[in-house]
Amino acid sequence: METQNTTTSNGVNNSHTKDNAAKIVFGDPVLCAQFLKGYTDIPLFKEIKPEDIENVSSHFLPLFQESRDSDTVNKIRIGDSEIYLIALIEHQSENDFDMSFRILRYIVFIWTDYAAQQEKLHKGITKSKAFLYPPILPVVYYEGTSTWSAPLNFKDRVFLSDVFGDYIPSFHYLVVPLNKYSKQDLIEKNDELSLIFLN
């Protein structure tokens, strides 16, 4: 497979094949910031800067059962708060219908770790009324050619969810299907990230 060389604006040279291009994107703060600004509709990310993003994958991925090297976890600072971005890379042309459950496990691991870290800093903090867990944005970066049709809400994967819906974890994950962007769409974005997606 052809190898492409990309230099980000922070001077990092990346030699990679198309198969791990997405890992490069989410592992590099410049490219990740461009992704959040240009490929999500979340206003909070419009002013995000590369220095607000810290890749913490090496801390979390050994805890995840899948141990998928292509997945990344980023901590993002927004003002005095922080959020987490889970990016799961899906190269397969078929949908992964258990994606929402995999993401649920990731979310629980991150929140468990966060609580443990806060307890080390402030004993008993997690039992207080003021304690809040950080928000987590799960993103599936999908390179397949078919339309993503797996349920986006975990609740839809649980039997009798119409009856027990109030007692089932309910969250959506964001799918970014690369195949929905034409070459012209990517060219018009005119940034380093679109050049990677064009390769």
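Me: At the start of helix 2, which residue's side-chain oxygen reaches the backbone nitrogen of Val30?
Reply: The model is predicted. At the start of helix 2, the backbone nitrogen of Val30 has a side-chain oxygen within 3.0 Å. That oxygen belongs to Asp28.

Me: How many residues of helix 2 are buried?
Reply: Helix 2 spans residues 29–39 and is mostly covered. Its buried residues include Val30, Cys32, Phe35 and Tyr39. Of its 11 residues, the buried count is eight.

Me: What is the order of elements in the protein chain, from the N terminus on?
Reply: The secondary structure comes to seven helices and seven strands. From the N terminus on, the elements run β-β-α-α-β-α-β-β-α-β-α-β-α-α.

Me: What share of the contacts in the protein chain with a separation of 6 or more comes from residues 24 or more positions apart?
Reply: The protein chain has 199 residues, and 44% of them are buried. Among contacts with a separation of 6 or more, residues 24 or more positions apart account for 53%.

Me: How much area does the protein chain expose?
Reply: Carbon and sulfur atoms supply 53% of the exposed area. The total for the protein chain is about 11200 Å².

Me: In which sense do strand 4 and strand 5 pair?
Reply: Seven bridges join strand 4 and strand 5. Their hairpin has two residues between the strands. The sense of the pairing is antiparallel.

Me: Which residue in the hairpin of strand 4 and strand 5 takes a positive phi?
Reply: The hairpin has two residues between its strands. The positive phi there is near 65°. The residue is Gly79.

Me: Which strand runs parallel to strand 5?
Reply: Strand 5 is mostly covered, with eight of its 10 residues buried. The parallel pairing has seven bridges. Within it, Ile89 stands opposite Tyr141. The parallel partner of strand 5 is strand 6.

Me: What is the bridge partner of Arg77 in strand 5?
Reply: Arg77 lies in strand 4. Strand 4 pairs with strand 5 over seven bridges. In strand 5, the bridge partner of Arg77 is Glu82.

Me: How far apart in sequence are the parts tied together by Glu54 and Arg77?
Reply: Glu54 forms a salt bridge with Arg77, with the closest N and O atoms 3.6 Å apart. Glu54 sits in strand 3 (residues 53–55) and Arg77 in strand 4 (residues 72–78), so the pair ties together parts whose separation in sequence is 23 residues.

Me: Are Glu54 and Arg77 buried or partly exposed?
Reply: Buried means under 20% relative accessible area. Glu54 has 33% relative accessibility, so Glu54 is partly exposed. Arg77 has a relative accessible area of 33%, so Arg77 too counts as partly exposed.

Me: Which residue is linked with Glu54 and Arg77 in a network of salt bridges?
Reply: The count of salt bridges in the model is five. Glu54 and Arg77 form one of them. The network that links Glu54 and Arg77 also holds Lys75.

Me: Which residue forms a salt bridge with Asp52?
Reply: The closest N and O atoms of this pair are 3.8 Å apart. Asp52 is buried at 15% relative accessibility. Its partner is partly exposed at 40%. That partner is Lys49.

Me: What separates the closest N and O atoms of Asp96 and Arg102?
Reply: Asp96 and Arg102 form a salt bridge. Both Asp96 and Arg102 are buried. Their closest N and O atoms are separated by 2.6 Å.

Me: Why does Asn95 count as buried?
Reply: Asn95 is in the loop between strand 5 (81–90) and helix 4 (99–121). The cut-off for buried is under 20% relative accessible area. Asn95 counts as buried because its relative accessible area is 14%.

Me: Which backbone nitrogen lies 2.3 Å from a polar atom of the side chain of Asn95?
Reply: Asn95 touches several residues farther along the sequence, including Tyr142, Trp148 and Ala150. Its side chain reaches the backbone oxygen of Thr147 at 3.3 Å. The backbone nitrogen at 2.3 Å is that of Ser149.

Me: How much accessible area does the nonpolar patch on the surface have?
Reply: Phe159, Leu160, Val163, Phe164 and Tyr167 form the patch. Leu160 lies in the loop between strand 6 (136–142) and helix 5 (161–164). Leu160 is partly exposed at 36% relative accessibility. Together, the patch residues have about 620 Å².

Terms used: Residues are numbered from 1 along each chain as its sequence is written. This is a predicted model: local features need pLDDT of at least 70, side-chain atom pairs count only at pLDDT 80 or more; totals for chains, interfaces and linings use all residues. Side-chain values use heavy atoms; hydrogens and water are left out. Helices (H or I, at least four residues) and strands (E, at least two) are DSSP runs, numbered from the N terminus. Buried means under 20% relative accessible area, exposed over 50%, partly exposed in between (1.4 Å probe, protein chains only). A polar contact is a pair of N or O atoms within 3.5 Å; within protein, one must be able to donate a hydrogen and the other to accept it, and residues adjacent in sequence count only if both atoms are side-chain atoms. Contact means heavy atoms within 4.5 Å. A salt bridge is a side-chain nitrogen of Lys or Arg within 4 Å of a carboxyl oxygen of Asp or Glu. Patches are made of residues with over 30% relative accessible area and no salt bridge: like charges are joined within 9 Å, nonpolar side chains (Val, Leu, Ile, Met, Phe, Trp, Tyr) within 5 Å. Accessible areas come from the Shrake-Rupley method with a 1.4 Å probe; for residues, only the protein chains shown count as cover. Two strands pair if DSSP finds at least two bridges between them. Lists of a residue's contacts leave out its neighbours within four places in sequence.
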